[in-house]
Amino acid sequence: MLNNMPVSYSGIQPSGNLTIGNYLGALRNFSAYSEKYKCFYCVVDEHAITVRQVPADLRRRTYETFALYMACGLDPEKNTLYVQSHVHAHAELAWLLNCFTMFGELSRMTQFKDKSQRHADNINAGLFTYPVLMAADILLYQTDVVPVGIDQKQHVELCRDIAERFNAIHPGTFTVPEPIMAKTGMKIMSLAEPTKKMSKSDENPNAIVYILDDRDTIIRKFKRAVTDSETCIRYAEGKDGINNLMSIYSCFTGKGFEEIEREFEGKGYGDFKLAVGEVCADALAPVQKRHAELLADKGYLEAMMKKGADEAAYYARKTLSKVQKKLGFVML
Ligand code: TRP
């Protein structure tokens, strides 16, 4: 709890471009959180280097991701928005927590297993201890809730185990966080293979709609979306492509499936795909406009980054000192 509000913590990697799955499942819901929670949002550049990055791209994407948080409506006056590497306590607590995390636990992480297959030439120790750095992010702020997608749930559970293990030895050190999952938009599927989640690391660019795709690109991608050989727009088992398009349309318009079925009765897949593309492009247009304005003013973005980092560092320091004291370090 901070100022009588539970703490919410969330991180986004500045690698790859964010998709409409990230937007619908996470970003667009975040601005309402500040009514209920004290929110921290972090651009996790230190996590990003667990796979090789081109430095100039990483730097650009760090600005872009930070600007995107703001463009999606996060007010830096109401939320703490910052970049992970600007707050040194993250890397430092991660080391300490490494000594409270078991090799076996980290070996069981499915994301590690996946990523070490995908990056077989670079299975570095950072990739292995990635969840420990994530635990440090969360625990530094005495976080109560972590809004995550299903793919990060295992990491939050490990974070809880680490916190409980530490607390069992040194009572009262960390708040044990709960993962929370958004109701809608969590499962936006690939447009090319609608049984697979839409993922920003997908190699097929037509499978993914990015938040920053321009209108024509968005409409083209939806037009090419894989569907089935029927012609009727209805939500049904086996119609994964149409189900996915209906979910996306529903997320953007707030309409239920039956209402959508009625709206498109007698119409073909082509009309429906165009309509989905249009509502998506319309919804993203103001976000894109604001994003471009923010990126045009690096000085302002940097000032916001600095402000966020100072705020975050204040809370992070408190937790880090507490941990160091409990561990028996000499405090000067
Ligand atoms: N691992 C998360 C992801 O790839 C990003 C992340 C880093 C995060 N630290 C976090 C998410 C802390 C929530 C809380 O999506």
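The ligand is enclosed by Tyr9, Gly11, Gln13, Val44, His47, Tyr130, Met134, Asp137, Ile138, Val146 and Gln152, where a residue belongs to the shell if one of its heavy atoms lies within 4 Å of the molecule. This is a predicted model, in which local features need pLDDT of at least 70, side-chain atom pairs count only at pLDDT 80 or more, and totals for chains, interfaces and linings use all residues. Residues are numbered from 1 along each chain as its sequence is written, and side-chain values use heavy atoms, with hydrogens and water left out.

By class, the shell holds six nonpolar residues, four polar and one charged; Ala, Val, Leu, Ile, Met, Phe, Trp, Tyr, Cys and Pro count as nonpolar, Asp, Glu, Lys and Arg as charged, and the others, Gly among them, as polar. Strand E1 (7-12) and helix H7 (125-140) each contribute at least two shell residues, and H7 gives the largest share, four residues. Helices (H or I, at least four residues) and strands (E, at least two) are DSSP runs, numbered from the N terminus.

Polar contacts to the ligand (pairs of N or O atoms within 3.5 Å) include the following.

| Side chain (N or O atom) | Ligand atom | Distance |
|---|---|---|
| Glutamine 13 | oxygen | 3.3 Å |
| Tyrosine 130 | nitrogen | 2.6 Å |
| Glutamine 152 | nitrogen | 2.9 Å |

Taken alone, the ligand exposes 370 Å², of which the protein buries 88%; accessible areas come from the Shrake-Rupley method with a 1.4 Å probe.

The protein chain is divided into domain 1 (7-181 + 298-327) and domain 2 (205-291), with bounds from an automatic or database domain assignment. Contact (heavy atoms within 4.5 Å) links 13 residues of domain 1 with 15 residues of domain 2.

Note on methods:
A polar contact is a pair of N or O atoms within 3.5 Å; within protein, one must be able to donate a hydrogen and the other to accept it, and residues adjacent in sequence count only if both atoms are side-chain atoms.
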